[in-house]
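Colleague: I am new to this structure. Please pick a single part of it and take me through that part closely, with enough of the surroundings for me to place it.

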Amino acid sequence: MASDSSAEDDVNLTPMLDVVFILLIFFIVTAQFIKEPGVDISRTDVDNAERQNPLGILIAIDEESDIYIDKEVVTLQEVGFRIRELREDNPKGRLVVQADEDSDAGVLISLMEIIYNEDGLTAVPVSVEKE
């Protein structure tokens, strides 16, 4: 009689582990991955920063006015193609520009014009440091 009650006390954890693995696979597949620019940027300090979520495409301009997308230096002529390429992977992700405070303003303006032509954004979010 004692051996029958110990057999009933065992808990089968296999179905629970199956559910946990299925949830893990679901979250890995559906997660949005942020493409990092691959360069450290010293951003301008402002007091009215608005947080942009979710990020999808991050374009950086460093202190030498080089443009980085997905850890690679790109020219202004290549930016439009790269935006279209990243839009295929992430059509709903937000595009944000990180410009170093020592970068050339002309490069930022040219980049914003390209973004407007490719993505149709009239107001391009620029990443800044919050005071």
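Modeller: Helices and strands here are DSSP runs, numbered from the N terminus; a helix has at least four residues and a strand at least two. With those labels, lysine 71 can be placed in the loop between E3 and E4. I will start from that loop and follow the chain into helix H3. Keep in mind throughout that this is a predicted model.

First, the setting. The protein chain contains four helices and seven strands. Read from the N terminus, their order is α-α-β-β-β-β-α-β-α-β-β. The chain has 131 residues, and 29% of them count as buried. Its accessible surface is about 9,200 Å², with 53% of that belonging to carbon and sulfur atoms. Among contacts with a separation of 6 or more, 69% are between residues 24 or more positions apart.

Now the loop. Strand E3 covers 67-69 and strand E4 covers 72-74, with aspartate 70 in the loop between these strands. The phi angle of aspartate 70 is near 55°, which is positive although the residue is not glycine. Lysine 71 also has a positive phi, near 65°, and is likewise a residue other than glycine. What of their cover? Aspartate 70 has a relative accessible area of 27%, so this residue counts as partly exposed. Lysine 71 has a relative accessible area of 60% and therefore counts as exposed, since the cut-off for that class is over 50%.

A loop before this one, between strand E2 (55-61) and E3, holds aspartate 62. Aspartate 62 is buried, because its relative accessible area is 2% and the cut-off for buried is under 20%. A polar atom of the aspartate 62 side chain lies 3.2 Å from the backbone nitrogen of glutamate 64.

Past the E3-E4 loop, the charged side chains come in. The structure has three salt bridges. One of them joins the side chains of arginine 82 and glutamate 72, at 3.2 Å from N to O. This pair links distant parts of the chain, as arginine 82 sits in helix H3 (residues 76-89) and glutamate 72 in strand E4, ten residues apart. Another salt bridge joins the side chains of glutamate 85 and arginine 82, with an N to O distance of 3.3 Å. Here both residues, glutamate 85 and arginine 82, belong to helix H3; they are three residues apart, about one turn of the helix. Arginine 82 takes part in both pairs, and Glu72, Arg82 and Glu85 are linked in a network of salt bridges.

How buried or exposed are the members of this network? Arginine 82 is buried, because its relative accessible area is 10%. Glutamate 72 counts as partly exposed, at 42% relative accessibility. Glutamate 85 also counts as partly exposed, at 34%. In this network, then, a buried arginine is paired with two glutamates that are partly exposed.

Helix H3 also supplies a residue to a further salt bridge, in which the side chains of glutamate 118 and arginine 84 meet at 2.6 Å, N to O. Glutamate 118 is in helix H4 (residues 105-119) and arginine 84 in helix H3, so this pair ties together parts 34 residues apart in sequence. Both partners count as partly exposed: glutamate 118 has a relative accessible area of 31%, and arginine 84 has 42%.

For contrast, consider a part earlier in the chain. Helix H2 covers residues 14-30 and includes phenylalanine 21. That phenylalanine belongs to a nonpolar patch on the surface, whose members include Val11, Leu13, Leu17, Leu24 and Val29. Together the residues of the patch have about 1,000 Å² of accessible area. Rings can also pair, if their centres lie within 6.5 Å; by this rule the count is one aromatic pair. Its rings are those of phenylalanine 26 and phenylalanine 27, 5.4 Å centre to centre and with 70° between the planes, an edge-to-face arrangement. Phenylalanine 26 is partly exposed, at 46% relative accessibility, while phenylalanine 27 counts as exposed, at 53%.

To return to the part I chose: the loop carries positive phi values at aspartate 70 and lysine 71. After the loop, glutamate 72 in strand E4 is joined to arginine 82 in helix H3, and arginine 84 of helix H3 is paired with glutamate 118 of helix H4.

Methods. Residues are numbered from 1 along each chain as its sequence is written. This is a predicted model: local features need pLDDT of at least 70, side-chain atom pairs count only at pLDDT 80 or more; totals for chains, interfaces and linings use all residues. Side-chain values use heavy atoms; hydrogens and water are left out. Patches are made of residues with over 30% relative accessible area and no salt bridge: like charges are joined within 9 Å, nonpolar side chains (Val, Leu, Ile, Met, Phe, Trp, Tyr) within 5 Å. Accessible areas come from the Shrake-Rupley method with a 1.4 Å probe; for residues, only the protein chains shown count as cover. A salt bridge is a side-chain nitrogen of Lys or Arg within 4 Å of a carboxyl oxygen of Asp or Glu. Buried means under 20% relative accessible area, exposed over 50%, partly exposed in between (1.4 Å probe, protein chains only). Rings of Phe, Tyr and Trp (its six-membered ring) pair if their centres lie within 6.5 Å; planes under 30 degrees apart count as stacked, over 60 as edge-to-face and the rest as tilted. A polar contact is a pair of N or O atoms within 3.5 Å; within protein, one must be able to donate a hydrogen and the other to accept it, and residues adjacent in sequence count only if both atoms are side-chain atoms. Contact means heavy atoms within 4.5 Å.
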